[in-house]
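Me: Could you take me through this structure with a few questions and answers, at the pace of a first-year student?

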Amino acid sequence: MSGGLVTVACVAVGDALAGLDPAQLEAVEHGDSPLVVAAGAGTGKTRVLTARVARLLESGVPPERILLLTFTRRAASAMLSRAASLCGDPQAAQRIAGGTFHAVAHRIVAEHAQHLGLEDVTVIDPDDVTDLIDLLRAEHGLDGTEVRLPTTRSIADIASRVVNTATPVRAVIEEQFPWALEQADQVAALLRHYRERKRVRGLLDLDDLLIAWRALVADPDVGARLRARWDWVLVDEYQDVNQLQVEIVRGLSPDGRGLTVVGDDAQAIYAFRGASAGHLLDLIEAYPDATLVRLQRNFRSTQPILDLANEVRPGEVKLRLVADRPQQGGRPTLVTCRNADDEARTIADRILAAHVDGTPLRSQAVLMRTGSHSAQLEVELKVRGIPFHKFGGIGYLETSHVRDLLASFRVVLNPADEVSWYRLLTRHRAIGKASARTLAAILADGGVDRAADAVAAAPAKARTGLASTLSLLGAVDVTTAVPELVEACRGAVDPLLRAHYPDWNRRVTEVEGIAQAAAAQSDLRTFVSEQAIDPVNVAGDWAKQPHLDEDWLTLSTIHSAKGLEWDAVHLMRANDGAMPSDMALTSSAGLAEEQRLFYVALTRARDTLDVYVPSQLPTHPTAFLAKHVAAKPSRFLTEPARALMEAVSTPALTPEPAVKAAFAVPRVCTDAFDDLFA
DNA sequence: CAAGTAATTGTTTTT
DNA sequence: CAATTACTTG
């Protein structure tokens, strides 16, 4: 493995190593026995992982023998490009197999489709999952009101938990949805059908990608080949893996040779998705010869910020973060506000003040527990003309037209894709749930070859429209060149959008933009599946690209802020009920996860950290006129924690928030229409 | 069986 | 105050 002829010149590796502290260096230089790096927030985890990769390349390891698994696509690209820049040969770094678990799974599954009994791979997103289960519910006669079943969403959640935690359906229902225990057998039967139907139609949901990967690894034949493919497996954010991912990693590296995992159990925030912080510790026990390296020197934050972080830090692996930076910086600020409007106004004030003092908006972020917490703030920022970009939170409604277009791609690529047919059919006038269900079954069985049958079976009022859609889609197939295929689909979807959405204007334009992006792809199938795996691309940035060079503020959920850092962090809504979320208070495990989330939030800050606590909050998040009731500060702001902070209150009498002031201007506007009625 | 109207729910976090 | 769901009508 060492001293190969294909030594990659890594000119910068020496420089990179020079900047590392002894613990980091130990991790980077470690041999091929299993290595667990317990890395506190801001301790240079990314740096260590990339330096280790660069070091491996330098020592002659061919890049394609390295597999680098991360949790988000952002982290994956950051890490690969960093490794590339450490190496004299960026091309070599690009040959490293890397990405999120799901993205890598998709690649491997597509490659081994025939071993899984699949013609090709179609990935469906969580919304399609609900659609498909809904379809089956109707087939089971379980869609009426007389049968009380959990919502389809909950049933999908149950399915996900079952596979992600390797727990039987009944046990999951007992733990997570005890109120639905009576219907456990019906739910199990429904889910068996769901699995069967996916198999028949060649559909894979996000969980299936991991299931399929695990099955391939477990197969004596294919598994051996996959194991032989990589000598080095590196996993980032290991505290966020679930049971399936654990089994994949262990299956790829049964003896732990060449395995490196990096994580921090205090930052485990995905238990709701089946992850368990315990997996990090389990790994140390699973591999008796594993080496544990702790990184405790923090290169990110000032000591006063770390003092607070250490105070609230949960977790079993004992770590105390020590700042590497010279003693400087003030204590974190605890800003008590009167209510939600006051909070929004105060945050905007302090952001602008920091901006004047030389911290650009780019270097500041407002973090929140839940996407909806920033509602008032967003209005305030708009009124004041402060540009911002919000990450996290889900806007499915705004993306439904995008998903319509993707559905049209998918039926062309895989005519058996029943869910996508269903989706497209319901966009037609006079086709509702019931007709769509029968028509989808026809089309999924025979594709556009059975277009005539489908049209004949459709309600009379729908026939013209449906015939037109099917002939447009029928003009192309998998073998058609991508731009032509995309254009045919766009043409088929366009009239549907116009007929179905009141605000079709905006949507049609957006769909055109996406069609352009799709037409530029070399492999449409991969593009479509990636949209299911990483829908951020769809919901987010396309529309906002032109403004990238402007200075804008980041608004983000804490989950989406993970692994990122800013000079100034504003943590809003630090109230009981919001943080911890009252949804999580039913179990002690839920509360513990909220505390880790709080810790993640605090440790994003480099120089200044402001924590905002309104004393009053609206009874309902979206109700503008809802009355405010007293709100308690977060229970995580304990006495010892507060002692490490600078307390500030907004003045008792504050001016009206900008938004209300704007509406309050008592100006009578004359309309010019009187003449018309003369 | 689909579309329109009235009543009643309500909301974490994301690959 | 919305957005989904339950009920009515064409």
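**Confidence, sheet and DNA**

Reply: This is a predicted model, and chain A averages a pLDDT of 84, with 87% of the residues scoring at least 70.

Me: Which element of chain A has the lowest mean pLDDT, and which the highest?
Reply: Confidence varies along the chain, and over residues 537-547 the pLDDT stays under 50, although the model has 13 contacts beyond four places in sequence for this stretch. Among the elements of chain A, the lowest mean, 43, belongs to helix α26 (residues 536-539), while the highest, 96, belongs to strand β15 (residues 566-571).

Me: Why is one side of β3 and of β8 left without a neighbour in the sheet?
Reply: The open sheet has 6 strands, paired in parallel and ordered β3-β2-β6-β7-β1-β8. Because β3 (97-100) and β8 (291-295) stand at the edges, one side of each lacks a neighbour in the sheet, and each has a single partner strand.

Me: Which residue of β7 is the bridge partner of L35?
Reply: Strand β1 (residues 35-39) pairs with strand β7 (residues 259-263) in the parallel sense, over 4 bridges. In β7, the bridge partner of L35 is T260.

Me: Which element gives the largest share of the surface near DNA strand B?
Reply: There are 32 residues around DNA strand B, of which G392, G432, A434, S435 and H559 come nearest. Two or more residues of this surface come from each of the elements α6 (101-111), α20 (433-446) and α27 (558-561). The largest share, 3 residues, comes from α20.

Definitions and conventions. Residues are numbered from 1 along each chain as its sequence is written. Chains are lettered from A and ligands numbered from 1 in the order in which they are written. This is a predicted model: local features need pLDDT of at least 70, side-chain atom pairs count only at pLDDT 80 or more; totals for chains, interfaces and linings use all residues. pLDDT is the predictor's confidence in each residue, from 0 to 100. Two residues are in contact if their C-beta atoms, placed from the backbone, lie within 7 Å. A residue is near a molecule or strand if its C-beta atom, placed from the backbone, lies within 6 Å of it. Two strands pair if DSSP finds at least two bridges between them.
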